[in-house]
Amino acid sequence: MFNYYIPTRILFGAGKLNELGNVKLPGKKALIVISNGRSIRGNGYLKRVEDLLRRNSVESVVFDKIMPNPIKEHVMEGAKIAKDEGCDFIVGLGGGSSIDSAKSIAVMVKNPGDYWDYINGGTGGGKPVTNGALPIVAITTTAGTGTEVDPWTVITHNEEKIGFGCDETFPLLAIVDPELMLTVPPHLTAYQGFDAFFHAVEGYIANTAYQISDIYALESIRLITKSLPTAVKDGKNINARSDMALANTLSGMVESTSFCTSEHSLEHAMSAYHPALPHGAGLIMLSIAYHSFFMEKIPERYKTLAKAMGKTGDDPKQFIDALKEMQQAVGVAGLKMSDYGITEDELPKIADNAITTMGFLFQMDRYQLSRDEVISILKNAFA
């Protein structure tokens, strides 16, 4: 018995961006949401999207302030621009931060008040989204979050980094073109690949997992194990990039059919206090300690994860072995929290932030962590 709802139309494959010029779109004027970095313009992706929209008789306006850990203020600013310019749909172009922001902006164009009024957890108001959202088109240039096929968006406000989503924040259309990922540098390819990996792993060990989400999760994990090392070492390898793009989209489908677990809550707290910390890097720092703890609680699940990573699956510890091997292969095994200014003294504060702001993900764990156990995991990850 299950419910299934993923309403996003997906255009997947090398060269698929070109179909933006003739596919049916949900309006005549788009707000294009991109990051404040140089890559989307520098690689020509923004101009291509603008030209293709124009070919499809769609005007566009660009909002280009989104940070790697996007903030509420930019959601509100983007929504005001969209309203003032008369935009009738939103295009998220880039990685997870840009597409997440596009979703949140789409909500605030249609609903009154402040974005945080609608957030559950922390100081959020928890109001329902009664007026829906503008239609969203997601064009991903990274293989990291799977946000192009799930409803979730993560925004930071005053050291609270909280996920949010509803049926209306599913993108109407997702374009997943691995040719747009050929320019991602090696270290970001690794961080983003591990973000997708942990979406799949957490969705598999969560108490909300079922047959459909398991199928998506295990295939995503298999593809990432196979192709992430190649994508990091040879970024122009279109086959590896295509595998990673598919794994990423599958991990988003895991997020639409299961949930992340408390590992994501812990990382959100870390990067809420230290916004320069890339999300994927934070997950990598946590992963050995976190999964070593849960491996002992649900060994059968970890045996299957080990098999998906090419091990025999006779021992759940093989998952940890495979995880360490993949981290070594892509050059991220030496990441430390202290590299980003995190100190051991603040670990209890990070634990409390995780429990307070995104405590609902702790409810997805098959074993309920105590505060002391949370702190212990953080300390083992810090060492």
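Q: In this predicted model, which residue of strand 4 is the bridge partner of Ala-30?
A: The partner of Ala-30 in strand 4 is Phe-89.

Q: What makes strand 2 and strand 4 a pair?
A: Pairing needs at least two bridges. Strand 2 and strand 4 (residues 89-94) are joined by four bridges. Therefore they count as paired. The two strands run parallel.

Q: How do you know that strand 2 also pairs with strand 3?
A: Apply the cut-off of at least two bridges again. Strand 2 and strand 3 (residues 59-66) share six bridges, so they pair. The sense is parallel. Leu-31 stands opposite Val-61 of strand 3.

Q: Why is strand 2 called largely enclosed by the rest of the structure?
A: Seven of its seven residues (29-35) are buried, so the strand is largely enclosed. Both faces are covered. On one side sit Lys-29, Leu-31, Val-33 and Ser-35. On the other sit Ala-30, Ile-32 and Ile-34.

Q: Why is Cys-87 called buried?
A: Buried means under 20% relative accessible area. Cys-87 has 7% relative accessibility, so Cys-87 counts as buried.

Q: Why does Cys-260 count as buried?
A: The cut-off is under 20%. Cys-260 has 3% relative accessibility, so the label fits.

Q: How many disulfides does a search of the whole structure find?
A: Zero. Cys-87 is in no disulfide, and the nearest cysteine sulfur, that of Cys-166, is 20 Å away.

Q: Why is the sulfur of Cys-260 too far for a bond?
A: A disulfide needs two cysteine sulfur atoms within 2.5 Å. The closest cysteine sulfur to that of Cys-260 is in Cys-166, 18 Å away, so it is too far for a bond.

Terms used. Residues are numbered from 1 along each chain as its sequence is written. This is a predicted model: local features need pLDDT of at least 70, side-chain atom pairs count only at pLDDT 80 or more; totals for chains, interfaces and linings use all residues. Side-chain values use heavy atoms; hydrogens and water are left out. Buried means under 20% relative accessible area, exposed over 50%, partly exposed in between (1.4 Å probe, protein chains only).
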